[in-house]
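Here is a short briefing on how this chain is built. Keep the sequence and the 3D view side by side while reading.

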Amino acid sequence: MFISSQFDGGNIECLDSSDPANILLTIRADNQSDFYQWFYFRAANVRDLDCRYLITNAAGAAYTGGWEGYQAVASYDREFWFRVETSYDGEKLLIEHNSSEDQVYFAYFAPYSMERHADLLAFAQTSERCQAETLGVTLDGQSMDCLRFGEIESGRKVIWMVARQHPGETMAEWWMEGLVNRLVDHSDPVVNAILDKAVIYLVPNMNPDGSRRGHLRTNAAGSNLNREWDNPSEEKSPEVLCVLEKIKQTGLDFGLDVHGDEALPYNFIAGTEGITGWNHERQQQLELYKMTLANINPDFQVENGYPPNS
Ligand SMILES: [Zn+2]
């Protein structure tokens, strides 16, 4: 059998695959960082074999709580991802699987590749209400892409939504894909009403380098971009620098920074108290927004989330 991860978003090191009952793997840490947890690999020549994949360095992962009751994702066609049970003994993560095909892919969450990202941008720009703008370049030379929906007119609210600062949180870009699909739909009355009053800027992927490298949390230089907004630099965080520059040009009335959580299966809003200039009035606006959203959208709730200042 063969284990490989030399593809877009791949991450695994194979120590020993000579015995299908004892396949020894380790997750590679993010470049210039100690963070790791994202994995994505292919096992080949495994049809009808009882395979035991052991991630031997699971105990050193960024959030070991994420291994409790965890189900990995697997796919034969790389479109449909199904769940597979795992077990964690406090040291190693075990995935047991018998493949019905010659090759099977495993990942931490459903992958969102940079190729799919390129497809998303290409699809969006063909909408007459969408403009695609490249704001800058990453350390690996990839583009920092922004999509604008709606016309710039005075009096319109300016909405910014960015996603996937943490590349292992692939669900954040799946969220963006769903949003783009709604925004291009001229028959969606909610979208039409919003675009009458607002202009929307999207950065579907804040961390292309980490995404392509198969990182969990950081960019090519090992920077946690979520911690760079106070003082971004060309050397450590050009991704944040170019997006922040654009936000300063356009202004911002409403912003969402989309993440995924390893353990909490809920949609919630957290972390606003860390914003510069946060005050009582803004907190009240946020509470009204959250309650209104929870009332009209069964996917959103306010009971579960992070405590303030966590
Ligand atoms: Zn995150």
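Strand β3 (residues 23–26) runs parallel to strand β5 (residues 50–55), and three bridges join the two. This is a predicted model. The chain splits into domain 1 (2–107) and domain 2 (114–263).

**Strand pairing around β5**
- In the β3–β5 pair, Ile 23 sits opposite Tyr 53 of β5.
- β5 also pairs with strand β8 (residues 93–98), here in the antiparallel sense and over six bridges.
- In that pairing, Ile 55 faces Leu 93 of β8.
- β5 is thus a place to see both senses: parallel with β3, antiparallel with β8.

**The five-stranded sheet**
- Five strands form an open sheet in the order β10-β11-β13-β12-β14, and the pairing is mixed.
- β10 (130–137) and β14 (254–258) are the edge strands; each has a single partner strand, so one side of each has no neighbour in the sheet.
- From one strand to the next, the twist averages 20°.
- β10 pairs with strand β11 (residues 143–149) in the antiparallel sense, over seven bridges.
- Within this pairing, Gly 136 has Met 144 of β11 as its bridge partner.
- In a regular strand, side chains alternate between the two faces of the sheet.

**Helix on the sheet**
- Helix α1 (residues 114–125) lies across β10 and β11.
- The helix runs at about 35° to β11.

**Domain layout and contact**
- The C-alpha centres of domain 1 and domain 2 are 29 Å apart.
- Domain 1 gives 18 residues to the contact, and domain 2 gives 19 residues.
- Interface size is often quoted as the accessible area lost when the parts come together.
- Here domain 1 and domain 2 bury about 1400 Å² between them.
- Carbon and sulfur atoms account for 51% of that buried area.

**Polar links between the domains**
- How many salt bridges are counted between domain 1 and domain 2? The count is one.
- The side chains of Glu 79 and Arg 116 meet in a salt bridge, at 3.5 Å from N to O.
- Glu 79 falls within the bounds of domain 1 (2–107), and Arg 116 within those of domain 2 (114–263).
- Arg 116 also falls within helix α1 (residues 114–125), the helix that lies across β10 and β11.
- Eleven residue pairs are in polar contact between domain 1 and domain 2, with both residues at pLDDT 80 or more.

Note on methods
Residues numbered from 1 in each chain as written. Predicted model: local features only at pLDDT ≥ 70, side-chain atom pairs only at ≥ 80, totals over all residues. Heavy atoms only, no water. Pairing = 2+ DSSP bridges. Helix = DSSP H or I, 4+ residues; strand = E, 2+ residues; numbered from the N terminus. Axes fitted to C-alpha atoms, helices over the stretch in contact; angles between N-to-C directions. Contact = heavy atoms within 4.5 Å. Domains from an automatic or database assignment. Buried area = accessible area lost by both parts, 1.4 Å probe. Salt bridge = Lys/Arg side-chain N within 4 Å of Asp/Glu carboxyl O. Polar contact = N/O pair within 3.5 Å; in protein donor to acceptor, adjacent residues only side chain to side chain.
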